[in-house]
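Got the model open in your viewer? Keep the selection box handy, and let's walk through a few stops together.

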Amino acid sequence: MEIAIKSDVGQRRTLNEDAAGYFLNTQNMPLIVVCDGIGGHNAGDVASAMALSHLGKRWEEESITDTESAYQWLVKNIQAENDRIFQKANQYRELDGMGTTIVVAVIIGSELLVANVGDSRAYLYRNFQIKQLTEDHTLVQELVKSGEITEEEAKKHPQRNIVTQSLGITLNVQIDFVRVTLKNEDTILLCSDGLSNMIGDQYIKEILGNYSDVNTQAQKAVLAANEAGGRDNITVAIAKYLVREEVA
């Protein structure tokens, strides 16, 4: 498994409220996390850092080696982190209203398990094609699902940044899950909306197809978002799944 993470403040922000990292449990199973502190709220950087560090630390103490246990672990720990951020925000006035989106990938053997809350995304690149695995928890996505606006209209909608789910804002949180069986050389990309709002899926696909090294892919993706305007913080985590052939 090759993993690269790149985060940038962007062209218009002075503070990077995104947080990202990857962690290995005691059995060397990776957990990859991207969080985006909610823009416009107080202390979004605090919320995203809390979610990343707490989940990472707890994962490193685990010995999980199956996806069902990983699923149960993610449900329990993402909910716990939601509660923790909510309580912290209510405890300190300067943190009032803080929250964060989160997208998490766990890879166990050839199985990929993705969890997400908010509009940070997960993509799968396979055989020169790209597929968005997660569904945004946003107002415009609800309007698309109800047929009130089209996918094209959603891309330019003035309220496209309004999220309907995030960690720390309410005590009840909806966590979506996706499971995928991976194939050799599959690439998983997690990102904050600072990437997906600036460059389209086609451009992301071209970057993943034109560069084989995950570090270069991450750098090129961030550069492309900045060149497109960099209106928000930009964070990318890229993992390439490689099947190791056994030597007789």
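**Stop 1: a helix pair**

Start by selecting Asn-77, which sits in helix H2. Bear in mind throughout that this is a predicted model. Is Asn-77 buried or exposed? It is buried, because its relative accessible area is 6%, under the 20% cut-off. Show what touches Asn-77 beyond its neighbours within four places in sequence, and you get Leu-55 and Arg-58.

Now widen the view to helix H1 (residues 44-60) and helix H2 (residues 67-91). A quick reminder before you look: two packed helices are described by the angle between their axes and the distance between the axes. Here the axes come within 10 Å and cross at roughly 145 degrees, and H1 passes H2 in a right-handed crossing. To light up the contact, pick these two sets:

- From H1: Ala-47, Met-50, Ala-51, His-54, Leu-55, Arg-58 and Trp-59.
- From H2: Trp-73, Asn-77, Ile-78, Glu-81, Arg-84, Ile-85 and Lys-88.

Colour them by class and you'll find eight nonpolar, two polar and four charged residues in the contact. Your starting point, Asn-77, is one of the H2 residues there.

**Stop 2: helix H7**

Next, select residues 214-227, which make up helix H7. This helix has 14 residues and reaches 20 Å from its first C-alpha to its last, close to the 20 Å expected at 1.5 Å a residue.

Zoom in on the N-terminal end of H7, where Asp-213 acts as the cap. A side-chain oxygen of Asp-213 lies 3.2 Å from the backbone nitrogen of Asn-215. Then slide along to the other side of the helix: just after H7, Gly-229 takes a positive phi of about 135 degrees.

Which residues of H7 are buried? They are Val-214, Gln-217, Ala-218, Ala-221, Val-222, Ala-224, Ala-225 and Asn-226. To see what covers them, turn on strand E1 (2-8), strand E9 (187-191), helix H5 (193-196), helix H6 (201-210) and strand E10 (234-240), which are included in that cover.

Stay with Asn-226 for a moment. This H7 residue counts as buried because its relative accessibility is 14%. Setting aside neighbours within four places in sequence, Asn-226 is in contact with Asp-8, Gly-10, Gln-11 and Ile-234.

**Stop 3: Asn-210 in helix H6**

Hop over to Asn-210, which you'll find in helix H6. Asn-210 counts as exposed, because its relative accessibility is 57%. Try a distance label from Asn-210 to Phe-128: these two are 82 residues apart in sequence and 9.8 Å apart in space, C-alpha to C-alpha.

**Stop 4: two asparagines in loops**

For the last leg, turn to backbone angles. Most residues other than glycine have a negative phi. The next two selections go the other way.

Select Asn-127 in the loop between strand E6 (121-126) and strand E7 (129-132). What is the phi of Asn-127? It is near 50 degrees, a positive value in a residue other than glycine. Asn-127 also counts as exposed, at 62% relative accessibility.

Finish at Asn-28, in the loop between strand E2 (18-24) and strand E3 (30-37). Phi of Asn-28 is near 65 degrees, again positive in a residue other than glycine. At 57% relative accessibility, Asn-28 counts as exposed.

Definitions and conventions. Residues numbered from 1 in each chain as written. Predicted model: local features only at pLDDT ≥ 70, side-chain atom pairs only at ≥ 80, totals over all residues. Heavy atoms only, no water. Axes fitted to C-alpha atoms, helices over the stretch in contact; angles between N-to-C directions. Helix = DSSP H or I, 4+ residues; strand = E, 2+ residues; numbered from the N terminus. Left-handed = near helix turned anticlockwise from the far one by under 90°. Contact = heavy atoms within 4.5 Å. Nonpolar A, V, L, I, M, F, W, Y, C, P; charged D, E, K, R; others polar. Expected span 1.5 Å × (residues − 1). Buried < 20%, exposed > 50% of the residue type's maximum accessible area, 1.4 Å probe, protein only. Polar contact = N/O pair within 3.5 Å; in protein donor to acceptor, adjacent residues only side chain to side chain.
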